[in-house]
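Open the model in your viewer and keep the selection box handy. We will go from helix packing to the ligand and then to the backbone.

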Amino acid sequence: MEPIRRIAVSTGGGDAPGLNAVIRAVAVAAHRHGWECVGIRDGYNGLFLPEQYPHGGLIKLTPERVRGITHLGGTILGTTNRGNPIKYPTPQPDGSLIEVDRSDELLARFREQGVDALISIGGDGSLTIANHFAKKGLRVVGVPKTIDNDLDGTVITFGFDTAVSFATECIDRLHSTAESHARVMVVEVMGRYAGWIALNSGISSSSDVILLPEIPYRLDKVVDALKARTANGRRYSIVVVAEGAKPEGGGHAVIEKRLGAAERLGGAGERVAREIGEASGQETRHVVLGHLLRGGSPTTFDRLISLRFGAAAVRALAEGQSGIMVALDPPTVRYVPLAEATSRMKVVPLDCDTVRTARELGICLGD
Ligand code: F6P
């Protein structure tokens, strides 16, 4: 195998706290191997559309360039969840869009740029693309990113801890206002089709009801739980709703279906709040935490695993590995095939001890 001289880093999909820490670890560790490291702007757009960027679509990631970014949210490279090169939305003469596989074009750009290996930092979508490149012969290592924590093969993804911590802090703040006004406060949190953020923040913030995508809810069960609280003299209740929560026999609350991108969820909290208000007669308000969960400085936990993941990704390339994802398997970091990590979504197992804990604490899960 040719020795590595130049590697590229890409951040794809929704941003997550810790991305910059991974970028820094990759750049510094690569430099120590004597490799040049470049970052691709906005997913792969920097390679597809270099002319759209003032200084070209690639950023040289020298140790100086990545200094002081470990604690910063977002990604210095930019990201997108619309530029899937395998299903690239391409305009047709009649103005319509169709999905076109442009991965060979992108691989040619990697070769033109002298890129010997790619470190892809992303969630299931980005890592599926990374696996596609690996199968076509590019040396690729993936790093698991997503606030949703829905990637298989790793105990945790970076970004999740920050999202859960902030969601918990926000819900903590709702208790006093909910109590003052004797209201039901419904809080919608992100997480797509997995309920990890809702479950962990809901339990940690002493919420009364938690609705997960994994457990289709029955409104009558939710209302019974809220009425039981009122009967026990509790003036208020907190209901945490995962954006992917759905009623028994019903569907997800979807805002938009997009070509070449995942559907946008939203409205689950509002729907539940309306239904609770109508059925219980208690004043009910809702709040959507949404993208607030993706912002801000990563927690210490996220910084550390991000730095460990970045260093481990470079280590893997130096060892000659490819087609794998860095994964946390406490106390260590290990490698799993990208194909395995992306083969299925990691949702909340209904028999896991966190779900059992919620039930044992008297939290209603809507079933
Ligand atoms: O996957 C991360 C995530 O934040 C999900 O929790 C959410 O459904 C989605 O991305 C939102 O994406 P967008 O930024 O396109 O609205």
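Start by selecting helix α5 (residues 160–181) together with helix α6 (residues 196–204): their axes come within 9 Å and cross at roughly 45 degrees. Keep in mind on this tour that the model is predicted. Two packed helices are described by the angle between their axes and the distance between the axes. With angles of 35 to 65 degrees counted as oblique, the crossing of roughly 45 degrees makes α5 oblique to α6. Turn the view to look through one helix onto the other, and you will find a right-handed crossing of α5 and α6.

Now show side chains at this contact. On α5, pick Phe-160, Ala-163, Val-164, Ala-167, Thr-168 and Ile-171. Facing them on α6 are Trp-196, Ile-197, Asn-200, Ser-201 and Ser-204. Colour them by class and the contact of α5 with α6 shows 7 nonpolar and 4 polar residues, with no charged ones.

Next, move to helix α7 (residues 219–231) and helix α8 (residues 268–280). Here the axes are 10 Å apart and the packing angle is about 60 degrees, so α7 is oblique to α8. The crossing of α7 past α8 is right-handed.

Which residues of α7 and α8 make the contact? Select Leu-219, Val-222, Val-223, Leu-226 and Lys-227 on α7, then Glu-275, Ile-276, Ala-279 and Ser-280 on α8. By class, this contact of α7 with α8 has 6 nonpolar residues, 1 polar residue and 2 charged residues.

Time to visit the ligand. Display the residues around it: Asn-81, Ile-147, Asp-148, Met-190, Gly-191, Arg-192, Glu-243, Arg-258, His-291 and Arg-294. Three of these names are worth a distance label. For Glu-243, draw the label from a polar side-chain atom to an oxygen atom of the ligand, and it reads 2.5 Å. For Arg-294, an N or O atom in the side chain is 2.7 Å from an oxygen atom of the ligand. For Gly-191, use the backbone instead: an N or O atom there lies 3.1 Å from an oxygen atom of the ligand.

Finish with the backbone. Most residues other than glycine have a negative phi, and most peptide bonds are trans. Go to the loop between β2 (36–40) and α2 (45–48) and select Asp-42. Asp-42 is not a glycine, yet its phi is positive, at about 45 degrees.

For the last stop, select Pro-331 in the loop between β14 (324–329) and β15 (332–337). The peptide bond from Pro-330 to Pro-331 is cis, and its omega is near 5 degrees.

Note on methods: Residues are numbered from 1 along each chain as its sequence is written. This is a predicted model: local features need pLDDT of at least 70, side-chain atom pairs count only at pLDDT 80 or more; totals for chains, interfaces and linings use all residues. Side-chain values use heavy atoms; hydrogens and water are left out. Axes are lines fitted to C-alpha atoms, for helices over the stretch in contact, and angles run from 0 to 180 degrees between N-to-C directions. Helices (H or I, at least four residues) and strands (E, at least two) are DSSP runs, numbered from the N terminus. Angles under 35 degrees count as roughly parallel, over 145 as roughly antiparallel, 65 to 115 as roughly perpendicular and the rest as oblique. A crossing is left-handed if the near helix is turned anticlockwise from the far one by less than a right angle, and right-handed if clockwise. Contact means heavy atoms within 4.5 Å. Ala, Val, Leu, Ile, Met, Phe, Trp, Tyr, Cys and Pro count as nonpolar, Asp, Glu, Lys and Arg as charged, and the others, Gly among them, as polar. A residue is near a molecule or strand if one of its heavy atoms lies within 4 Å of it. A polar contact is a pair of N or O atoms within 3.5 Å; within protein, one must be able to donate a hydrogen and the other to accept it, and residues adjacent in sequence count only if both atoms are side-chain atoms.
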